[in-house]
Amino acid sequence: MLLLTCVLPMASQQTRQRPAPASGPEARIEQLLRQMTIEEKVGQMTQVTIDVVSVPNAVGRNHRLDPAKLEEAILKWKVGSILNVNGEAYTVEHWHEVLNQIQDVVEKSRLKIPVLYGIDSIHGANYTLDAVLFPNAISAAATWNVDLVKRAAEISAFQTRASGIPWTFYPVEDIGRQPLWPRFFETFGEDVHLASRLVTAYVEGLQGRDISARDKVAACVKHYAGYSMPFNGKDRTPAILDERTLRQVILPPYEAAVRAGAPTVMVNSGEISGVPGHANSWLIQDVLKKEWGFRGFVVSDWEDIKRLHTRDRVAPTPKDAVRIAVMAGVDMSMVPYDFSFAELLLQCVKEGSVPVSRIDDAVRRILRVKMQLGLFDRPRPDASMKAEFDKPEFHEANLQAAREALVLLKNEGLLPLAKGRRILVTGPNADLLSVLNGGWSLTWQGNREDLFPKNKLTIRKAIEQWNGAANTQYVKGVEWEKAADINAAVKAAEAADVVVAVLGEPSYCETPGNIEDLALPEPQIRLIEALAQRGKPIVTVLVGGRPRVLRTITRNSKAILWAGLPGNEGGRAVAEVLFGDVNPSGKLPFSYPRNVNGFTTYDYKPLENTHDNPTGWEFPFGHGLSYTKFDYSDLKLSANTMTRTGSITISVKVRNSGSRAGKEVVQLYVSDLYRQVSPPNRELKGFQKIELAPGEEKTVEFQLAAKDLAFVGLNNRWTLEPGDYRVQIANLTAGFTLR
Ligand code: BGC
C-alpha cells in the first residue's frame, strides 16, 4: 500500500518567533527588558498564593491583606503574579479592594510592572460570591451545544473580570478516559473531536477578540499534557503514554486551545512514562513552543517545581529542580508559599546553569500577556463593573445549559411524570446544592453547603415546587457511604406512587476525591434494591462527577437520568425534565462502564472486539433519550471517492416522528477499515445539535475533508493512507474510498 506522509497544519507549524519590531507592544516589552535587573526578571517569573500576603487565618468575609507582607512580595521579591483565594469566595467589593491594594504597592516599585492576578474560574467565577455557577465541564460537554458552552465562558469571563481578575486557569483540555480520576468532571469527556470543539468555543468565549476588553480574561490551557490518564486512576500518579497516542488522542484539544489564542499554559502535575510534566522539555519546548509556535507563557502547577526534588526525585536539590523546570521551558513558577524560586533561579543565573537568554525569553512572554491584557494601561479593577455584576440573563443562560446537560439514560415509559402524584424523594444527593456543583464551587472542595445561594433549588425543593409539597415526601434513606435509615425510606415508599432516588457522590476535587472502587457505594445500591422489592416504580437520578458503576440499579430502575454536575440551576432543570416541561436532549460525552474494569472507550481497537464482551458499557458514548422520536433516512455522500486534498459532503435526513418538539445531536462517525497502525472501531468527525417540531424534517450536512482522515502513523507523524472508509450516522452506513 502506498503511504503518504502529508504536511498537515496540525503538526507542521514552524516556530513563529520573529525579530522584535521597532515600535508597538513588542518594542515596549524589549525596552522594559533592557531596563530590568536580573532580580526584577526572576521576580516576574515568581507567583505566590494570596495566603503569603494575607493576615493569617482571616478567611472569606474576614480576609485582609497584610500591607507589610504585600510590600515584601512586590517591592523586595518583585513577584510578577499572585493567585487564588484563601479559603472561600470573596464578594466583588472585596476583590476590588484586594486588587487595588496590590496595585497601590506596584506603584511604589521602580518599573511599576503590574501584577498579574490568576484564579480558578472553572464553571463560572466560582470564587466570587453570588457568581453564576454553571454545569461543570463534563456536564457542559453533555449538552453537545457549542453555543451554550461559549455563552457560559463569556459570562464566566464577565464576572471574573468584573471581580478585577484578568486571568483564569481554565479551560481543562485533558481528555476524560480514566473514569476513576477525581478530576474526570473537569474534562469535556473522552472524545478528541468533541473536546477540541468545546475547548475552542470556551477559549473564544473567555477571550473574545481582545483580552484587554473590560469583560474578557486570558485563558490558561491545562494541564499540559497527559495528566488525565493516571494508570491507577488516582490523582497525580504516573501515566504511561507513547508519542503516537499522545499526538493522536491527548494533544489535539491542547493544540486546539492554543490555536484559538489561549496565551498561557499550565503544566501537567503528574508524569508520563517516567518524565514529570515539569521536566518534560520535549513537550514544552519542542512541541508547544517550537512546533505549535506558542508565544505566550507556561506556568507551573501548584508547588510542582519543588516537587521535582521532594516527590519525583529527578532533581537532587531544590536548586536543580528550578534549573530543570526553567530549562524545560517553564516560564513562571506557582511556588506558591515562599520566594525560594526567585532566590534559587538567581543563583542558577549567577553560576551560569541557566542562561540569561532563557530568563529573557520567559520574561518577554510574561510581559507580552500583561501587555495583551491591557494591564500596563488599566491595571485596576473597573469600578463600574460592580453594578453590572449580576444580570437575569446570566441565570437564564445557566438554566438552559443545565437543561441541555441532563441525559436520559433509560426510560421504560415512566417519564415524564404527571404532576400531583404521590412522590417519595430519597437518596443522599436529593437535598444539597453543593453536590450539583462539585469541586471548585465557592471553596476548593465545593462542599460548604452554607455558602450556596439560598434562592437556588435543590432537586428535592424543585420537585416539591413542581409536584406540590403535600404530594411529596422526603426521606434521605442513606448517606453516601453508609446506610442511614433504609427502612424508613421503604416504609415511606408504601404510600407513594413513584420513587425518585437521587444518588451519587459528594462534592470533591483533586486528590481528596480519590476512590478505591468505581461502583456506587453499597448502601446506595441496597437502598434501590430494597425499594424495588416493594414494586414501586423508581426513577434514579445520578448526581456526581464520574460514571459510578450501577450494579443492580439499572435493572431496578424504570428510568435513569444522568444529571452529572449541572450547577446551581440543576435542581430546577431536573424537575422540569422529570415532569416533562423540558424534553431532555443531552448525550453522554463518555462511555458509561458496566463493570469496574470495563474502561473501553467508544473508539476501541479491533483487538478489543475479540473478547466475549467487547465493550462492557452500561450506556454508550453519544447515548441519550428524548420524549420524542427521531427517524434517520437518506444518508448520502456527494461522491464515493475522495482525493487526498479533496472533501465530500455527507447528508442525512432527520425527522421528528413523535408528538413533541425536541433537540437531537446528529453524530457523524467514520471508520478507517485498514491502516498501518490498528485503527479505532470508529471516530467522531462531526456533530450538529438541531431542533425539530413534531413532524418536521431537516437535512443535515457535514463536510468531510481528507485531512480529517489523517492519523498518527508509524513514524509518529500525521499520515493519510488511501483505502476504504465507512461512514455512520445513527444506524445508517455508507462507504467511500480515499485515492
Ligand atoms: C490544580 C490546578 C489549579 C491550581 C491553582 C492545582 O492544585 O492542579 O488545576 O489551577 O492548583 O489553584
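Where is the place of Arg236? This opening question is taken up in Exercise 3, after the domains and the ligand.

The model is predicted, so that local features need pLDDT of at least 70 and side-chain atom pairs count only at pLDDT 80 or more, whereas totals for chains, interfaces and linings use all residues. Residues are numbered from 1 along each chain as its sequence is written, and side-chain values use heavy atoms, with hydrogens and water left out.

**Exercise 1. Describe how the protein is divided and how domain 1 meets domain 2.**

Step 1. Begin with the division, which gives domain 1 (6-11 + 24-381), domain 2 (393-608) and domain 3 (630-738); the bounds come from an automatic or database domain assignment. The centres of domain 1 and domain 2, taken over C-alpha atoms, are separated by 34 Å.

Step 2. Turn to the contact (heavy atoms within 4.5 Å), to which domain 1 gives 45 residues and domain 2 gives 52 residues.

Step 3. Consider the buried area, meaning the accessible area (1.4 Å probe) that two parts lose on being put together, summed over both. For domain 1 and domain 2 this is about 4000 Å², with 60% of it on carbon and sulfur atoms. Of the area that domain 1 buries against domain 2, 15% is supplied by Leu133, Leu180 and Glu190, more than by any other three residues.

Step 4. Look for salt bridges, each a side-chain nitrogen of Lys or Arg within 4 Å of a carboxyl oxygen of Asp or Glu. Between domain 1 and domain 2 the count is 5 salt bridges. Arg177 and Asp603 also meet through their side chains in a salt bridge, at 2.8 Å from N to O.

**Exercise 2. Find the residues around the ligand and the side chains with a polar atom beside one of its oxygen atoms.**

Step 1. List the residues with a heavy atom within 4 Å of the ligand: they are Leu83, Asp120, Phe169, Arg183, Lys222, His223, Arg236, Met266, Asp301, Trp302, Met334 and Glu510.

Step 2. Compare the distances to ligand oxygen atoms with the cut-off for a polar contact, which is a pair of N or O atoms within 3.5 Å; within protein, one must be able to donate a hydrogen and the other to accept it, and residues adjacent in sequence count only if both atoms are side-chain atoms. A polar side-chain atom of Arg183 lies 2.7 Å from a ligand oxygen, and an N or O atom in the side chain of His223 is 2.7 Å from an oxygen atom of the ligand. For Arg236, the distance from a side-chain N or O atom to an oxygen atom of the ligand is 2.8 Å.

**Exercise 3. Locate the residues with a positive phi and the cis peptide bonds.**

Step 1. Recall the usual case, in which most residues other than glycine have a negative phi, and most peptide bonds are trans.

Step 2. Return to Arg236, which is placed in the loop between strand 6 (220-224) and helix 9 (243-259); helices (H or I, at least four residues) and strands (E, at least two) are DSSP runs, numbered from the N terminus. The phi of Arg236 is positive, near 55 degrees, in a residue other than glycine.

Step 3. Add Glu303, which is not a glycine but has a positive phi of about 65 degrees, and which is placed in the loop between strand 10 (297-299) and helix 11 (304-310).

Step 4. Finish with the peptide bonds. Tyr170 and Pro171 are joined by a cis peptide bond with omega of about 5 degrees, and Pro171 is in the loop between strand 5 (167-168) and helix 8 (192-207). From Val335 to Pro336 the peptide bond is cis, with omega near -15 degrees, and Pro336 has its place in the loop between strand 11 (333-334) and helix 13 (340-351).
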